[in-house]
Structures are given as C-alpha cells and as structure tokens.
Amino acid sequence: MTSSTPWQRTARGAGLLDATGHLRSTVFAEMSALATATGAVNLGQGFPDEDPPEAVLEAARDALFGGSNQYPPGRGVPTLLEAVSEHQQRFYGIDVDPGREVLVTAGATEAIAATVLAFVDHGDEVITFEPFYDAYGAVIGLAGGRHRTVPLRGPDFRVDADELRAAFSSRTRLVIVNDPHNPTGTLLDDATRSSLVALAHEFDALLVTDEVYEHVVFDGVPHVPLSTLPGASERTITVSSGGKTFNATGWKIGWLSGPASLVSQIMSVKQYLTFVNGSVFQPAIAVGLRLPREHFDDFTADLQSKRDLLSAGLLSAGFDVSPARGSYFVVADAAPLGYDDAAEFCRALPQLAGVVGVPVSAFCGPTLAAEHSSLVRFAFCKRAEVIDEAGRRLAALRA
C-alpha cells in the first residue's frame, strides 16, 4: 500500500510503521537506549570509539581557526575534490575530473538520497540487496519509487543469479549496490558484479555503489569499485565517505563521483537539501585521503584483528558465526544457544550478558526477516579492550 503523504512513505520504506500505521523508533535508537540504561557494551551501532588520526584532527583545527567557517563552494572545497580524484587514481586507477565529476555531500546518506531523488519518480523501481541499510528503503519511499530486493542467502550471504535477473524490469531505474555490505559483512562475487553491469545495460538502469567500507576489506582481498568493470563507468555513481575510514562518523563528509552530466543532475537536487556542510571538516578529510598507503594498510589490519577477536568471543559463547569479509560487522546465529527470535534475544541480551547487538531482521522485509530470524549483527569498530570485555560477558550465555 502506498501512503498519500511523504513522511508515511519514508517511514514505511524504512520499516518504521507498524501494522496499524503507528510510527516507531529505529532499532539503532532502541538498542543504544538499552545500552545506556543498562551499562551494556554497545556493539549494536556501527560507530568507532576512537578519534581520527592526529594529522586529520590537526587539519580540522587549522581550518577552524584559519577562517574556514563560512559556506564552502557548492560542489565542495577544491582541496577535497582534488583529494577524492587523487584517491580514486591512486587506489583504483580511475580518472576523475575533480571540477566536474565529484560532489561533496553530507555523508554518504545524503549522496544516495540526492541521487534517488534526482532520478526516481513515482512508480520507478529501485533494486537493492536484502538485508538492506534502512536509509535506502526510506528515500526510495520518499521518492515514490518501488523497492525491489534481491535476497542474500546462506551463511556466506550469496546472490542467486536467477533471483537477481528476476528483480529487473522495464521500470528499473536504479540499482543500489552496497559492497562491502552492511549488515552482513559479505563481498559480492565476480559473477554477481558482472551480471549487475550486464543487466544495467540490458534494462538501461543506473548503478549507485555505496562503498563507504572500501578500506575495510579483509584477508588480503582488494576492493574493486564496480565502476572499473567494462561498460560500467558511464552509468555508475560511486558513493563513499570519510566517516568510516577516518573514525569521523559525526563529521558527515561524504562524496559521489561519476559522469559529469549525472553529477550535475544530482547537484541540482543536493543543493536544496543541505546546500553545503562541514566547511572545516572537508579540508581535514582531504588530508586523510592523502595519508600514506601504510596508514590505510594499518587501519585495515587493525580492524581485521578486531574482527577476529570478536568472532572468537562469539564462537566461544556458543554462536555460529558467518565469515565477515568486509565492513565493521560480524553476523552471529543465536539459534545454537536456543534463541530463534533475534529481536527478542537482542532486547534481553543486555540483561543476559551486558552486551548490545542488532537483529539482522531489522534490515529485512517480512519474508526474509523470517528466514534470518535468529541472526544478530555485532560491530567490532571498537577498542580491543572493549571487544575483549564483550567476549568475557558473552561467555555468560554458556554458563
């Protein structure tokens, strides 16, 4: 059912309206409130508990006291536009014109929202993988689009080729591809990535890639942007952010890049959302993007060690654990502990063990929510001692 008001479409798309049409809070707000009320270790929401690198903080201080406190240029400050372009060339061999093919946004969420609002009209279809980040459903609903999903299934959260093809139709306008994937921590395989490009051509759809975890890919596997595949660049909008890579999620500095004509069309919408943002943080993120390669390697290695620490603690507590190949998150199955309803389990977990997680079902529609009903997402973007303490607390589940 399509609501007549934009807020209802938005809330319904994000799964925030119950069966009677009443608005409820997000699962992140609910679980974070539980953590605060109980003193539990909060592994529910994906934000780091450490500050950005010193060079990045120093650049923000310099900008704050150096006269950068007024409106920045609409596309973004030149040094950040140039740094994004340099980053794409340095890591992926992608040539991006900083003046025409990059747009700075208020985080990756605004980049995706502006893109959807620029290209999706009532009745147009937008495909995502499921489980999906709730903001996707919200903005698709706001635009009046129809949200089609492709399920990720099995312990490795893989895509079935037939289900992928079946999601496309003559009304498909956009495909939002989150890789590395939140909440599952999976990476798309090469066959799925190639199929996405081929299907986008066949159905004349645009590809929007949410790559905020591009530097959080483990076990020596490189991140390869979808836009580098043959035939992809001319129809791909690549989205990323400095929040995850530089422990600066509160700064909300994101960006998108792609063909100049598409970027300009998105800017025509974005400029009437936030207009501009983060004047003192944009040059700081530019400094971060220009840090030596060793910084990025060390950052990934540190998070991989935290992934391993949390995974070991979950296994020791009796969970089954899916392999986390990227992102901030490990998915654990509570069924071996006797809990088939992860939503109820997560509400009880602060009292049971003093830890907070998030049910994967919160990222799903009703059908896939039932299939993933016993799965819990835990975040490991925390200090090692916090993760170690969470592991000790979780051990109480086996007592």
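1. Let's start with the open sheet: in this predicted model, 4 strands sit in the order 10-11-14-13, with antiparallel pairing. Strand 10 (320-321) and strand 13 (358-359) are at the edges and have a single partner strand each, so one side of each is left without a neighbour in the sheet.

2. Zoom in on one edge of that sheet. Strand 10 and strand 11 (residues 329-333) run antiparallel and are joined by 2 bridges. If you want a pair to click on, try Val321, which stands opposite Ala332 in strand 11. Then look for helix 11 (residues 293-317), which lies across strand 10, strand 11 and strand 14 (375-379). Its direction is at about 10° to strand 11.

3. Now step back to the whole protein. You should be able to find 14 helices and 14 strands. The C-alpha atoms fill a box of roughly 60 × 50 × 40 Å along the principal axes. A compact globule with 399 residues would have a radius of gyration near 21 Å, and the 20 Å of this protein agrees with that. Of the 399 residues, 57% count as buried. Take the contacts with a separation of 6 or more: residues 24 or more positions apart account for 74% of them.

4. Strand 8 (residues 236-241) is worth a look, as 6 of its 6 residues are buried. Both of its faces are covered: Thr236, Thr238 and Ser240 are on one side, with Ile237, Val239 and Ser241 on the other. What about its partners? Strand 8 pairs with strand 7 in the parallel sense over 4 bridges, and Leu207 stands opposite Thr236. With strand 9 (residues 253-257), strand 8 pairs in the antiparallel sense, over 4 bridges. There, Ser241 has Gly254 as its bridge partner.

5. Which side chain of opposite charge is nearest to Asp210? Asp210 belongs to strand 7 (residues 206-210), and the answer is Lys244, 7.5 Å away. Asp210 is buried yet has no salt bridge, because a salt bridge needs the nitrogen and the carboxyl oxygen to be within 4 Å. Apart from residues up to four places away in sequence, Asp210 touches Ile112, Tyr136, Val177, Asn178, Asp179 and Val239. You have already met Val239, one of the buried residues of strand 8.

6. For charged pairs that do meet, note that the structure holds 26 salt bridges. One of them links Glu58 and Arg61, with the closest N and O atoms 2.8 Å apart. Both residues lie in helix 3 (residues 54-64), 3 residues apart, which is about one turn of the helix. Glu58 is partly exposed at 35% relative accessibility, and Arg61 is partly exposed too, at 38%.

7. Helix 14 (residues 384-394) has a busier arrangement. Glu389 and Arg392 are 3 residues apart there, so about one helical turn separates them, and they form a salt bridge with closest N and O atoms 2.8 Å apart. Glu389 also forms a salt bridge with Arg393, at 2.9 Å. Through shared partners, salt bridges join Asp388, Glu389, Arg392 and Arg393 into one network. Glu389 is partly exposed, with a relative accessible area of 26%, and Arg393 is partly exposed at 27%.

8. Last stop, a loop. Is Ala14 buried or exposed? Ala14 sits between helix 1 (6-13) and helix 2 (27-38), and it is buried, with a relative accessible area of 15%. Leaving aside neighbours within four places in sequence, Ala14 is in contact with Asp134, Gly137 and Ala138.

Definitions and conventions
Residues numbered from 1 in each chain as written. Predicted model: local features only at pLDDT ≥ 70, side-chain atom pairs only at ≥ 80, totals over all residues. Heavy atoms only, no water. Buried < 20%, exposed > 50% of the residue type's maximum accessible area, 1.4 Å probe, protein only. Lys, Arg positive; Asp, Glu negative; His and termini not counted. Contact = heavy atoms within 4.5 Å. Pairing = 2+ DSSP bridges. Axes fitted to C-alpha atoms, helices over the stretch in contact; angles between N-to-C directions. Rg over C-alpha atoms; globule rule 2.2 N^0.38 Å.
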